[in-house]
Structures are given as C-alpha cells and as structure tokens.
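Here's a quick briefing to read with the model open beside you. Let's start with a word on how exposure is judged, then walk through the structure topic by topic.

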There are 2 protein chains.
Amino acid sequence: MNARPDSREMFEARLRAIGAERYHDKHPFHRLLHSGGCTPDQVRAWVINRYYYQSRIPMKDAAFLSRVDDPELRRIWRSRIEDHDGREPGTGGIHRWLKLAEGVGLDPAYVASCRGVLPATRFAVDAYVRFVRDEPLLSAVAASLTELFAPKIHAERIAGLLAHYDFANEATISYFRHRLTEAPKDVAFGLAWVLDHAQTRADQDAAAAALTFKTDVLWAQLDALWSAYVEPARIPPGAWQPGEGLA
Amino acid sequence: MNARPDSREMFEARLRAIGAERYHDKHPFHRLLHSGGCTPDQVRAWVINRYYYQSRIPMKDAAFLSRVDDPELRRIWRSRIEDHDGREPGTGGIHRWLKLAEGVGLDPAYVASCRGVLPATRFAVDAYVRFVRDEPLLSAVAASLTELFAPKIHAERIAGLLAHYDFANEATISYFRHRLTEAPKDVAFGLAWVLDHAQTRADQDAAAAALTFKTDVLWAQLDALWSAYVEPARIPPGAWQPGEGLA
C-alpha cells in the first residue's frame with residue numbers, strides 16, 4: 001500500500017483524468033443537442049430540468065458558506081451566489097436561464113415553479129446540495145471542480161445552438177456566454193484550494209471521490225432526460241408532458 | 001378553496017388512487033422481469049441495485065425511530081428493522097436478499113459492498129432516507145404506505161420468477177415469501193396511523209405528497225435500471241458491468 005500523497009502535479013492530473021473519463025460532455029444527449037438533433041420539446045425538457053440544477057446551485061453555495069469560518073474564503077466564494085442570483089432584479093445566471101426558457105417557447109413562471117421536473121433530476125441535484133452541506137469542506141470544494149471541464153462544453157453549446165436552432169441568439173444564450181468567464185475564475189480558485197488543502201493521500205482520495213460523485217450527479221441528469229424524452233421515450237408519472245408550460 | 005378535510009374513507013381512497021396511478025408495478029421493467037424476458041445479466045443488475053434499496057430500509061426506519069418520543073410507536077415500528085436485519089446472524093430480509101444474489105450467480109460479498117450500484121439508484125434511495133429523517137413524522141409514515149401495493153407485486157413476482165427462471169426456487173425467493181406476510185402487518189399499522197393523524201386538509205395533502213414522492217423513488221430506480229441495462233443499454237461510468245462480481 002502506497003500511502004504517500006501524489007505530487008501536486010500528479011494529483012491535479014488525477015483530478016483532470018476524472019473529467020476526461022466521466023464528464024457529461026461524453027453523454028449522447030449533449031451530442032444530440034449540440035448537433036441540432038433535438039426536437040423543440042427535447043430542448044424544452046432540457047431547459048426545464050437543467051433549471052432545477054441552476055436553481056439549486058446558489059443554495060449549494062450558501063450551504064457551503066454556512067460552514068466556513070474564514071471570512072476571506074466566504075468573501076471569495078460568495079461571488080458564485082452573486083453570479084447566479086445577480087446584484088439587482090433582472091440580472092444573474094438564473095435570470096439568464098429564464099431568458100433561454102422564454103426563447104424556447106416556455107412560460108418562465110412555469111419553469112421557475114419547478115413543476116414537471118423529473119424526480120430523478122431532483123434526486124441527483126438534491127444529493128449534490130446535501131453533499132456540500134454534510135461532507136468535509138475539502139470534498140465540498142473538490143465537487144465543484146467539474147467547472148474545470150465546463151468551458152469546453154459551453155463553447156460547443158454556444159456554437160451548436162447558434163448553428164442549428166432558430167431560438168438561439170445572443171439574448172437566449174447569454175447564460176453560457178457569462179459562464180465562459182465566470183467558471184474559469186471560480187475553478188482557478190477552487191483548484192488551487194484543493195491542491196493546497198489535500199495534504200495526505202486520504203485527502204487526495206476523498207477529493208477524487210467527491211469529483212467523481214459530482215460527475216455522477218451530472219451524468220444521471222442526462223440519463224434521466226434521455227430515458228424520459230428521447231426515443232423510446234417514457235415520461236415518468238407527474239413529469240413535464242410536451243405542450244405543458246408554454247408561453 | 002375547500003379547506004375541509006376529506007372523510008376518513010375518502011382520504012384512504014385518495015391514497016390508494018396514488019398507488020393505482022403511480023406504483024412501480026406499472027413500469028415495463030417489472031413486466032419484463034415477471035414474464036421471463038430478462039437476461040441473466042438484467043436480473044443480476046436488478047438484484048444488485050435493489051439490494052441498495054433493501055440495505056437502506058433499516059437505516060430509514062432507524063432514522064424514523066430516532067425522532068419518535070412515544071415508546072409504544074417505537075416498539076411497534078422497531079419490528080421493521082428486525083424483519084430486515086434478523087434476530088440472529090443468518091436471518092432477516094437482507095440475508096434472504098443475498099441468498100437471491102447467490103442464486104443468480106453473484107458473489108454476495110460483492111453485492112453487499114454496494115460497489116457497482118447505479119448512481120441514480122443511490123440518489124433516489126438516499127433521498128428517501130433523508131426524507132424520513134427530515135420531514136414531519138406524518139409524511140415519513142405516509143411515505144411507507146407504498147406497502148399497501150406491495151403484496152400484489154410480490155405475488156406476481158413469485159409466480160413469474162418460479163415459472164420462468166432456473167435460479168428461482170423456495171430458497172432464492174424466500175425474501176418475497178416473507179414480505180407477503182410482513183408488509184401487510186406493517187402497512188395496516190401505518191395506514192391506520194396516517195388516517196388517525198392527518199386531521200386537517202393540509203395534513204392530508206402532505207401525506208398524499210409524501211406517498212407520491214415515494215412512488216417517484218421507486219419508479220426512478222426502474223427507469224435507471226432500464227436506461228443502463230435494457231436495450232439500448234447505456235451503463236453510466238463506474239456502474240456494474242456484466243461479468244463483474246460473479247460467484
């Protein structure tokens with residue numbers, strides 16, 4: 001048994017390899033979406049379910065803040081909540097996501113109600129919020145490092161949506177444009193923090209397990225979407241049915 | 001707005017209607033299983049993933065006990081833990097489930113390790129344990145009332161497994177035989193308790209919502225199983241691959 005920690009470089013490479021193997025850019029739903037293969041209702045189902053994830057991210061970050069006794073760490077981390085919730089009404093990532101919802105023909109109030117969200121989406125996302133609330137801070141920060149892999153998927157998404165879908169324009173895809181700059185800022189801090197604080201081999205293993213858990217949370221959301229809305233589609237009882245929640 | 005509570009009879013009918021509409025006996029995976037249409041690997045995937053649910057039920061019941069200040073209610077509810085964990089080594093529902101695992105060619109130690117369980121199974125089952133830990137007692141008891149609908153599915157399963165699968169015999173299906181008598185005893189108590197304690201319309205709505213939530217927990221497990229292991233199968237990263245964990 002080798003209980004010595006990996007070097008900083010090897011540990012970072014280990015974390016990046018988790019994304020290379022398991023990040024949800026490998027899921028066929030994203031290929032379908034980015035290639036223009038989604039029907040309008042499949043795009044709507046994605047917007048409705050992904051909204052639930054967006055809506056819980058600031059709650060996740062608040063759960064994290066509630067456990068941090070260092071004002072400096074809290075101050076830096078707080079910008080994540082501001083990015084999502086905005087500094088004044090009508091700003092922020094969640095508002096921008098609802099602009100996307102409008103763009104695809106959904107009533108933003110319906111989307112914001114979270115009615116119709118797939119139960120499997122709720123179970124996965126709620127598991128993430130609770131993970132950040134309950135697990136050691138190192139694991140909570142490490143779980144956020146899927147943002148290492150996000151700029152690539154956002155760039156592919158912007159290009160794919162603009163190329164293939166009538167609803168896509170700078171107003172409706174504004175959410176993703178902002179994430180292109182927000183995510184790298186957040187993750188540069190998060191990665192350095194994890195590399196600094198994972199001192200032992202056990203710490204490194206826990207951080208890798210947390211990042212793996214987070215890739216599971218993202219992958220499970222796309223599996224649920226595929227199972228419910230892509231052929232052969234089987235919508236679970238109570239979940240969004242095409243035609244509901246239109247503007 | 002009619003805020004008066006339903007009569008006891010109408011409230012019970014409302015709860016039973018939730019099962020008639022949403023219980024997982026309606027899911028095509030159960031039709032596939034009970035009709036003999038599952039491959040040996042699909043049966044194994046079901047046994048592995050359902051084990052995770054079994055394994056968390058006594059933890060769920062312990063979370064419930066930990067919140068009950070009435071010794072009488074605790075004493076009655078405690079029998080559920082005894083049914084699953086047994087009164088001595090080599091007895092109880094979890095042991096019987098591992099006999100089924102052996103019968104389908106799996107290493108019981110592999111199954112008991114819960115390695116290979118689908119992330120979506122974990123998210124759904126963990127959501128149930130946390131629901132019972134966090135929500136009002138009335139909701140926690142109401143969520144258990146899916147057992148109202150269990151004897152029918154257990155009877156269908158016993159007949160279907162014995163008719164169609166070589167592994168099925170009285171030793172391997174012993175888990176289901178026991179549930180035929182355990183579940184009605186538990187649910188008779190649970191139903192009476194919910195009918196007695198749901199005094200207001202808001203109580204009744206909360207109980208109905210809790211039972212609906214529980215049907216979502218069960219349904220999501222079968223959706224995940226289908227998505228991963230039934231054509232077109234797509235096994236999520238890290239989950240059980242056919243050939244792993246064999247005896």
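A residue counts as buried if 20 or more other C-beta atoms lie within 10 Å of its own, as exposed if 12 or fewer do, and as partly exposed in between. So C114(B), with 15 C-beta neighbours inside 10 Å, lands in the partly exposed group. Bear in mind that this is a predicted model.

**How the two chains relate**
- Lay chain B on chain A and you get an RMSD of 0.0 Å, using a turn of 180 degrees and a shift of 0.0 Å along the axis.
- The two copies are therefore related as by a two-fold rotation axis.
- Which C-alpha of chain B is nearest the axis? That of F123(B), at 2.6 Å from it.

**Where they touch**
- Chain A and chain B each put 19 residues into the contact.
- On the side of chain B that touches chain A, the elements giving two or more residues are α1 (8–22), α7 (119–134) and α11 (201–229).
- α11(B) provides the largest share of that side, with eight residues.
- By character, the chain B side splits into eleven nonpolar, six charged and two polar residues.
- Why can we say that the copies meet through the same surface? Because 100% of the interface residues of chain B are also interface residues in chain A.

**The nonpolar core**
- The largest nonpolar core has 124 residues, and the members touching the most others are V47(A), A120(A), V47(B) and A120(B).
- Have a look at A120(A): setting aside neighbours within four places in sequence, its contacts in chain A are A220(A) and A224(A).
- Across in chain B, A120(A) is in contact with A120(B), A124(B), A220(B), D223(B) and A224(B).

**Helix α3 of chain B**
- This helix covers residues 40–65, which makes 26 residues, and at 1.5 Å a residue it should span 38 Å.
- The end C-alpha atoms of α3(B) are 38 Å apart, so the span agrees with what's expected.
- There's still a bend of about 25 degrees in α3(B), at I57(B), and a proline, P58(B), follows within four residues.

**D205(B), a spot in α11**
- D205(B) sits in helix α11 of chain B.
- Is D205(B) buried or partly exposed? It's partly exposed, because 15 other C-beta atoms lie within 10 Å.
- R14(B) is 191 residues away from D205(B) along the chain, yet their C-alpha atoms are separated by 9.9 Å.

**Backbone oddities to check**
- In chain A, the peptide bond joining E231(A) and P232(A) is cis, with omega of about -10 degrees.
- P232(A) belongs to the segment after α11 (201–229) of chain A.
- Chain B has a cis peptide bond between E231(B) and P232(B), where omega is about -10 degrees.
- P232(B) falls in the segment after α11 of chain B.
- C114(A) isn't a glycine, but it has a positive phi of about 65 degrees.
- You'll find C114(A) in the loop between α6 (108–113) and α7 (119–134) of chain A, and it's partly exposed, with 15 other C-beta atoms within 10 Å.
- C114(B) also has a positive phi, near 65 degrees, in a residue other than glycine.
- The loop between α6 (108–113) and α7 of chain B is where C114(B) lies.

Terms used. Residues are numbered from 1 along each chain as its sequence is written. Chains are lettered from A and ligands numbered from 1 in the order in which they are written. This is a predicted model: local features need pLDDT of at least 70, side-chain atom pairs count only at pLDDT 80 or more; totals for chains, interfaces and linings use all residues. Two residues are in contact if their C-beta atoms, placed from the backbone, lie within 7 Å. Ala, Val, Leu, Ile, Met, Phe, Trp, Tyr, Cys and Pro count as nonpolar, Asp, Glu, Lys and Arg as charged, and the others, Gly among them, as polar. A nonpolar core is a set of buried Ala, Val, Leu, Ile, Met, Phe, Trp, Tyr and Cys residues joined through C-beta atoms within 7 Å. Copies are superposed by least squares on the C-alpha atoms of residues with pLDDT of at least 70 in both. The expected span of a helix is 1.5 Å times one less than its number of residues. The bend at a residue is the angle between axes fitted to the seven residues ending there and the seven starting there.
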